[in-house]
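Here are a few exercises to work through with the viewer open. Try each task before you read its solution.

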Amino acid sequence: MPIEQTLSMIKPDGVARGVIGDVIGRFEKHGLKIRAIKMLHLSLEQARAFYAVHKERPFFDSLTTFMSSGPIVAMILEGENAIQVNRDLMGATDYRKAAPGTIRADFAREIEANIVHGSDAPDTAKVEIAFFFNALEQVC
Ligand code: ADP
Ligand code: MG
């Protein structure tokens, strides 16, 4: 299995609901190492830039308003098969379809406010990591 890096975010609802520690604990318990971490409050413009891939979707305005509504925690996670491991821990986008025991099944109550973001492929991971972190902010 390749060692990969992926970008994780705890969304404003996850921060507001006080599950930062629980979410990070799940990552660490499953072998994902934190290589960089920061808390920040995205502007609407920054949220729109991050989610530009979804700009034609009907939920784009609502999603980016939500994502700029409060602080988030951004992290680089690293480990074997980290992109898929993180997606498996997150669960399906729609919490009602997420497997029991996943972050979204346990904490999300809305399809939009679904606690976490995780990169979906190596190319998007690279772009998303560079969106939040420069080389000096990453440990190796
Ligand atoms: P994922 O976060 O699982 O990779 P997507 O990339 O498809 O999911 O969508 C990005 C985010 O947009 C989701 O995490 C969720 O916050 C929001 N979203 C996706 N689908 C919908 C929808 N049908 N209605 C409202 N928000 C949605
Ligand atoms: Mg996605």
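## Exercise 1: The two sides of a helix

In this predicted model, the buried residues of helix 2, which spans residues 20-29, are V23, I24, R26 and F27. Your task is to find out how they are arranged around the axis of helix 2.

*Solution.*

1. Start with the general geometry: an α-helix has 3.6 residues a turn, so residues three or four places apart point the same way.
2. Now look at the directions in this helix. The buried residues cover an arc of only 150° around the axis, so they lie on the same side of helix 2.
3. Turn to the face directed away from that buried side, where you will find the exposed residues G21, E28 and K29.
4. Next, see what covers the buried residues: the cover includes strands 1 (3-10), 2 (33-40), 3 (72-80) and 4, together with helix 5 and helix 6 (103-107).
5. Finally, go past the end of the helix. Helix 2 is followed by G31, with a positive phi near 85°.

## Exercise 2: A glutamate in a strand

Decide whether E78 counts as buried or exposed, and find the side chain that joins it in a polar contact.

*Solution.*

1. Locate E78 in strand 3.
2. Compare its relative accessibility with the cut-off: buried means under 20%. E78 has 18%, and therefore counts as buried.
3. Check the side chain for a partner: a polar contact of 3.1 Å links E78 to the side chain of R35.
4. List the other neighbours. Leaving out residues up to four places away in sequence, E78 touches I3, E4, Q5, G31, L32 and K33, as well as R35.

## Exercise 3: Positive phi without glycine

What are the phi values of N81 and I115, and where do these residues lie?

*Solution.*

1. For N81, a residue other than glycine, phi is positive, near 55°. N81 sits in the loop between strand 3 and helix 5.
2. With 22% relative accessibility, N81 counts as partly exposed.
3. I115 is also not a glycine, and its phi is positive, near 75°. The loop between helix 6 and strand 4 holds I115.
4. At 0% relative accessibility, I115 counts as buried.

## Exercise 4: The largest pocket

Describe the lining of the largest pocket, which has a volume of about 660 Å³.

*Solution.*

1. Begin at the centre: of the 25 lining residues, Y51, V53, H54, L63 and H117 are the closest to it.
2. Assign the lining to elements. Helix 3 (44-50), helix 5 (82-90), strand 4 (116-118) and helix 7 (122-132) each give two or more residues.
3. Pick out the largest share: helix 7 supplies it, with four residues.
4. Sort by character: the lining has 11 nonpolar, seven polar and seven charged residues.

Conventions. Residues numbered from 1 in each chain as written. Chains lettered and ligands numbered in written order. Predicted model: local features only at pLDDT ≥ 70, side-chain atom pairs only at ≥ 80, totals over all residues. Heavy atoms only, no water. 1 Å grid on protein atoms, 1.4 Å probe; cavity = no way out; pocket = protein on both sides within 12 Å on 5 of 7 lines; lining within 4 Å. Nonpolar A, V, L, I, M, F, W, Y, C, P; charged D, E, K, R; others polar. Buried < 20%, exposed > 50% of the residue type's maximum accessible area, 1.4 Å probe, protein only. Arc of directions from axis to C-beta. Contact = heavy atoms within 4.5 Å. Polar contact = N/O pair within 3.5 Å; in protein donor to acceptor, adjacent residues only side chain to side chain.
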